[in-house]
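Got the viewer open? Here is a walk through the model, one selection at a time.

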Amino acid sequence: MGAGCPICEGPIAVGVLCHACAASLRLCDGLLPEHVSSRVAASTSAGWLIDGFGAPHRVSGSRTLVGRQGEAELMVLHGSVSRRHAELHRGEQGWHVRDLGSRNGTFVAGQRVQGRAPVADRAAIRFGDVAFHFIAHAAALPEPVARSFETEHAGAGAAFRFTLRGPRVDLCLLGLRDDVSDDVGGALLYRPPDGATWAERSLPPLEFHLLRALCKRAVEDAASPSRSKGCVPTKELARQLPFQSKYANEENVRQVVRRIRTTLTEIGADGLVEASPGRGYYLTWPVDVT
C-alpha cells in the first residue's frame, strides 16, 4: 500500500482518506470525532477501521468488541450503536464480523449481517448508523489525534449551527448535515464565556429537534419587541417533533422540555427554555445562526 488513501490510493484529503472515500462514509448527525476510539495496543493490532472523519482505529487480531460500553475495544458513542454491538475476529479463513443482537444491525457492503459474515479487505462496514472502511492488515497508518472544538473552528464542517451566549456558558447547537432525517439527533457544544475549547453533549432526536425549532423561531423573530419573542406554540411542536406516534400531544412536548431542561441545567444553561403560559416555549438567550 502506497502513501495515498489506504482504500483507493488516491490523494489524501480527509484524515488518511481521499475525498471520495471519505464522502462514501455518510456521517450520521450527532457523531463527533471524539465519539470513536480504540483501546487496541499497537503490539496486538492486525487491522484498522477508518471512520468518516478519516481517523484510523486499530483492531485486534484476536477479537475486537465494538459498542458503547466501557469494555469495548472499539468504543463508538452514538445512540444507534448498542452497548455490545458486534465483534470483529480473524480466524484461519480470514476476517469475520458477528452481530451481537444489536438493535440497529451490522452491515457489510450494505448487506445486514445475520449472525456472522466475512469481511474483505477495504470493505465498508457499518455498526448502526456509524460507517467505516476496513483494512484487513496492520498497515502503516498514523495514530488518530485527539481533537477538540476550538473557538474559531467550532463545527467548521457543520451544515448549520446556532450559537447562544448566556451569563455563565456559551452554547452551539450543531448539525453535521442539513438534510438529516428526523430520527437522528445532534450535538450541543458548551464552554465558559471566556473559554477557548468546547465540550460537547450528544442530544437524542427529540431534544435536538426541540432546541433546533426554538433556535430557528428565535432567529426569525429577532426584531420583535416581545419578551417571549420566538415562542413556538406547543401544538406546533407536537406536530414538528419526531415522535414515534402520530398522536403526540402537548403532554409529550412537556416531557421533552423537562428532559432538555435537565441537560441544560447540568451544563450551567438553566433558564434557557422558558414557557409562555397557554402558548408554548421560547429561548431567553439571543441566538445567532451560521
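Before you click on anything, one term: two strands pair if DSSP finds at least two bridges between them. Keep in mind too that this is a predicted model.

**The whole chain**

Start with everything shown as a cartoon. You should find 4 helices and 21 strands. Of the 290 residues in the protein, 51% are buried. Now think about contacts between residues at least 6 apart in sequence: 51% of these join residues at least 24 apart.

**Stop 1: β15, β16 and β17**

Select residues 186–191, which is strand β16. Most of this strand is covered, with 5 of its 6 residues buried. On one hand β16 pairs with β15 in the antiparallel sense, over 5 bridges. Which residue of β16 is the bridge partner of Cys172? Click Leu189 and you have it.

Next, add strand β17, residues 197–203. Again the strands run antiparallel, with 5 bridges joining β16 to β17. For a marker here, select Leu188 and look across to its bridge partner in β17, Arg201.

**Stop 2: Asp170**

Stay around here and pick Asp170, which sits in strand β15 (residues 170–175). Is this aspartate buried or exposed? Its relative accessibility is 3%, so Asp170 counts as buried. Show side chains and look for Arg165: a polar contact of 3.3 Å joins the two side chains.

Now display what else surrounds Asp170. Beyond its neighbours within four places in sequence, the residues in contact with Asp170 include Leu189, Tyr190, Arg191, Pro192, Pro193 and Trp198. Leu164 and Arg165 are also among them.

**Stop 3: the six-stranded sheet**

Move on to an open sheet of 6 strands, in the order β3-β2-β12-β11-β8-β9, with antiparallel pairing. At its edges are β3 (56–60) and β9 (111–112); each has a single partner strand, so one side of each lacks a neighbour in the sheet.

Zoom in on the β3 end. Strand β2, residues 45–51, pairs with β3 over 5 bridges in the antiparallel sense. To see a matched pair, select Ser45 and find Ser60 opposite in β3.

Then slide over to Val108 in strand β8 (residues 106–108). With 12% relative accessibility, Val108 counts as buried. Leaving out neighbours within four places in sequence, Val108 is in contact with Val97, Val113, Pro118, Val119, Ala124 and Ile125. Try a distance label between the C-alpha atoms of Val108 and Val119: they are separated by 6.9 Å, and the two residues are 11 apart along the chain.

**Stop 4: the three-stranded sheet and its helices**

Select another open sheet, this one with 3 strands in the order β18-β20-β19 and antiparallel pairing. Its edges are β18 (232–233) and β19 (273–276), each with a single partner strand, so one side of each has no neighbour in the sheet. Strand β20 (residues 280–283) pairs with β19 in the antiparallel sense over 4 bridges. One pairing to highlight: Val273 has Leu283 in β20 as its bridge partner.

Bring in helix α2, residues 205–220, which packs on the sheet and touches β18, β19 and β20. The direction of α2 makes about 70 degrees with that of β20. Then add helix α4, residues 250–266, which also packs on the sheet, touching β19 and β20. Against β19, the direction of α4 makes about 145 degrees.

How do the axes of these helices cross each other? The axes of α2 and α4 come within 9 Å and cross at roughly 90 degrees. Angles of 65 to 115 degrees count as roughly perpendicular, and α2 and α4 are therefore roughly perpendicular to each other.

Show the side chains where they touch: Leu206, Glu207, Leu210 and Leu211 from α2 meet Val256, Val257, Arg259 and Ile260 from α4. Sorted by class, this contact has 6 nonpolar, no polar and 2 charged residues.

**Stop 5: two backbone oddities**

Finish with two positive phi values. In Glu9, a residue other than glycine, phi is near 65 degrees. Look for Glu9 in the segment before α1 (19–23); at 49% relative accessibility, Glu9 counts as partly exposed.

The other is Arg122, also not a glycine, where phi is near 70 degrees. Arg122 lies in the loop between β10 (116–118) and β11 (124–127). With a relative accessible area of 32%, Arg122 is partly exposed.

Notes:
Residues are numbered from 1 along each chain as its sequence is written. This is a predicted model: local features need pLDDT of at least 70, side-chain atom pairs count only at pLDDT 80 or more; totals for chains, interfaces and linings use all residues. Side-chain values use heavy atoms; hydrogens and water are left out. Buried means under 20% relative accessible area, exposed over 50%, partly exposed in between (1.4 Å probe, protein chains only). A polar contact is a pair of N or O atoms within 3.5 Å; within protein, one must be able to donate a hydrogen and the other to accept it, and residues adjacent in sequence count only if both atoms are side-chain atoms. Contact means heavy atoms within 4.5 Å. Axes are lines fitted to C-alpha atoms, for helices over the stretch in contact, and angles run from 0 to 180 degrees between N-to-C directions. Angles under 35 degrees count as roughly parallel, over 145 as roughly antiparallel, 65 to 115 as roughly perpendicular and the rest as oblique. Ala, Val, Leu, Ile, Met, Phe, Trp, Tyr, Cys and Pro count as nonpolar, Asp, Glu, Lys and Arg as charged, and the others, Gly among them, as polar.
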